[in-house]
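Me: I am new to this structure and would like a close look at a single part of it. Pick one place to start, and follow its links outward.

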Amino acid sequence: MKPRGDLFSPACPTRNLLDRVGDKWTSMAVKVLAEAFPGEVRFAELRRRMPGISQKMLSVTLRGLTRDGLVARRVEDTVPPSVYYRVTALGHSLDGPLAALRDWAEENMSEIDEHGRAWDAVTPPAGS
């Protein structure tokens, strides 16, 4: 059995993974692609299904996922080129843990927001 990482160490695998996949765009991209697994999704369709993401941010997100082997990219030689993405088996295995986090957020976010509002009501803004 591999030794567990030390979350407080910069070399911790969990810490490194969260740096790579811990943002909202990555979670959304993995979800959209996992729903199509083993099929592909065109860039424009991904963007349409991820409201609020810019073309540049989607490109950066997909580039990182592709670099890490979580997503595969295919380009058709057309004018303009058609670009397709699919989640790899490794990326698909990430969907379950991200789904658990989404479920937890759905169940608990209102309580977290309540605590935040209560805190803000009695705590002066930083720098005051």
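Reply: **Starting from Arg-49**

Arg-49 has a relative accessible area of 34%, so Arg-49 counts as partly exposed (buried is under 20%, exposed over 50%, partly exposed in between; 1.4 Å probe, protein chains only). The model is predicted: local features need pLDDT of at least 70, side-chain atom pairs need pLDDT 80 or more, and totals for chains, interfaces and linings use all residues. Residues are numbered from 1 along each chain as its sequence is written, and side-chain values use heavy atoms, without hydrogens or water.

What does the side chain of Arg-49 meet in a salt bridge? The partner is Glu-35, at 2.5 Å from N to O. (A salt bridge is a side-chain nitrogen of Lys or Arg within 4 Å of a carboxyl oxygen of Asp or Glu.) Arg-49 sits in helix H3, residues 43-49, and Glu-35 in helix H2, residues 24-36, so this pair ties together parts that are 14 residues apart in sequence. (Helices, H or I, of at least four residues and strands, E, of at least two are DSSP runs, numbered from the N terminus.) Glu-35 has 45% relative accessibility, so Glu-35 is partly exposed.

How many salt bridges does a search of the whole structure find? The search finds eight. Another of them joins Glu-40 to Arg-74, with the closest N and O atoms 2.6 Å apart. Glu-40 lies in the loop between H2 and strand S1 (41-42), while Arg-74 belongs to strand S2, residues 71-76, so the bridge ties together parts 34 residues apart in sequence. With a relative accessible area of 34%, Glu-40 is partly exposed. Arg-74 is partly exposed too, at 33%.

Arg-74 has a second link. Glu-76 forms a salt bridge with Arg-74, and here the closest N and O atoms are 3.2 Å apart. Glu-76 is partly exposed, at 28% relative accessibility. Elsewhere, salt bridges that share partners join Arg-20, Arg-67 and Asp-68 into one network.

Now for the strands. In what order do the three strands of the sheet run? The order is S1-S3-S2, the sheet is open, and the pairing is antiparallel. (Two strands pair if DSSP finds at least two bridges between them.) S1 and S2 are the edge strands, each pairing on one side only. S1 and S3 run antiparallel and are joined by two bridges. Val-41 has Tyr-85, in S3, as its bridge partner.

Stay with S3. Ser-82 lies in this strand, which covers residues 82-87. Is Ser-82 buried or exposed? With 8% relative accessibility, Ser-82 counts as buried. Leaving aside neighbours within four places in sequence, Ser-82 is in contact with Arg-42, Arg-74, Val-75 and Glu-76. (Contact means heavy atoms within 4.5 Å.) Two names in that list are familiar: Arg-74 and Glu-76 share a salt bridge. So the trail from the charged pairs leads to Ser-82, a buried residue.

The loops beside these strands hold two cis peptide bonds to look at. One joins Phe-37 and Pro-38, with omega about 5 degrees. Pro-38 is in the loop between H2 and S1, and Glu-40 lies in that loop as well. The other runs from Val-79 to Pro-80, with omega near -10 degrees. Pro-80 has its place in the loop between S2 and S3.

Return to Arg-49 for one last comparison. How far is Leu-98 from Arg-49 in space? From C-alpha to C-alpha, Leu-98 and Arg-49 are 17 Å apart, and they are 49 residues apart in sequence. Leu-98 is in helix H5, which covers residues 89-122. Leu-98 counts as buried, at 9% relative accessibility, whereas Arg-49 is partly exposed, at 34%. Beyond neighbours within four places in sequence, Leu-98 is in contact with Ser-27 and Val-30.

To retrace the path, begin at Arg-49 and its partner Glu-35. Move to Glu-40 and its bridge with Arg-74. From Arg-74, go on to Glu-76. End at Ser-82, which is in contact with both Arg-74 and Glu-76.
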